[in-house]
Amino acid sequence: MPKMRAKMYVSFVQESFYGLDGSKSQEVLSMSAVAANKYPEDGSDEDNTYAKFTPGARLEINIANPALWGKFKIGEKYYVDFTEAPV
C-alpha cells in the first residue's frame with residue numbers, strides 16, 4: 001500500500017545524445033505537481049485535491065531504456081506512488 005500518492009504532469013522531455021557516434025543515450029523526463037490558476041468552486045476537479053495537499057513538487061528521471069523513449073508526452077498526467085522498500 002503506498003504511503004503517499006502524488007499527481008504530476010510531464011513538464012519537459014529532453015533527449016540526450018552521448019554516444020560516440022552521436023546516438024541517443026537517454027531521455028530526461030521532468031515532472032511537476034498538478035496545479036491550476038482556478039478550480040471549480042465545488043472542488044470537483046481531482047487536480048484540485050492533489051494541489052491542495054502537494055502544492056509544489058518536481059521530479060526528474062533519466063530514462064536509459066530505449067523501449068520507453070517517446071512514451072511520455074508534455075502535458076500528460078501520472079500518479080506517482082511512494083511505497084516503502086524493504087531494507
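**Reading rings, helix and surface**

Guide: Let us start from one residue: Y50 is buried, with a relative accessible area of 19%, where buried means under 20%, exposed means over 50% and partly exposed lies in between, for a 1.4 Å probe and protein chains only. This is a predicted model, in which local features need pLDDT of at least 70 and side-chain atom pairs count only at pLDDT 80 or more, whereas totals for chains, interfaces and linings use all residues. Residues are numbered from 1 along each chain as its sequence is written, and side-chain values use heavy atoms, with hydrogens and water left out.

Visitor: How many aromatic pairs does a search of the whole structure find?

Guide: In general, a pair of aromatic rings is described by the distance of the centres and the angle of the planes. Rings of Phe, Tyr and Trp (its six-membered ring) pair if their centres lie within 6.5 Å, and planes under 30 degrees apart count as stacked, over 60 as edge-to-face and the rest as tilted. The search of the whole structure finds two such pairs. For Y50 and Y79, the ring centres are 5.9 Å apart and the planes stand at 45°, so this pair is tilted. Since Y50 belongs to helix α1 (residues 46-53) and Y79 to strand β4 (residues 77-82), the pair ties together parts that are 29 residues apart in sequence; helices (H or I, at least four residues) and strands (E, at least two) are DSSP runs, numbered from the N terminus. The other pair, F72 with Y78, is also tilted, at 5.3 Å centre to centre and 55° between the planes.

Visitor: What lies over the face of Y79?

Guide: A charge sits over a ring if NZ of Lys or CZ of Arg is within 6 Å of the ring centre and within 35 degrees of the ring normal. Here R5 lies over the face of Y79, at 4.4 Å from the ring centre, while Y79 itself counts as partly exposed at 40% relative accessibility.

Visitor: Which residues of α1 are buried, and how should their arrangement be read?

Guide: An α-helix has 3.6 residues a turn, so residues three or four places apart point the same way. In α1, the residues D47, Y50 and A51 are buried. Seen down the axis of α1, these buried residues fall within an arc of 100° (taken from the directions from the helix axis to the C-beta atoms), so they line one face of the helix. On the other side of α1, K52 and F53 are exposed. The cover over the buried residues of α1 includes β1 (4-17) and β4, where contact means heavy atoms within 4.5 Å.

Visitor: Which residues does Q26 touch?

Guide: Q26 is found in strand β2 (residues 24-33) and is buried, with a relative accessible area of 17%. Leaving aside residues up to four places away in sequence, its contacts include Q14, E15, N62 and W69.

Visitor: What pattern does the protein follow along the sequence, and how is its overall extent judged?

Guide: The protein has one helix and four strands, in the pattern β-β-α-β-β. Its radius of gyration, taken over C-alpha atoms, is compared with a globule rule of 2.2 Å times the number of residues to the power 0.38. The value is 16 Å, well over the 12 Å that the rule gives for 87 residues, so the protein is more spread out than a compact globule. Along the principal axes, the C-alpha atoms fill a box of roughly 55 × 35 × 20 Å, and buried residues make up 23% of the 87 residues.
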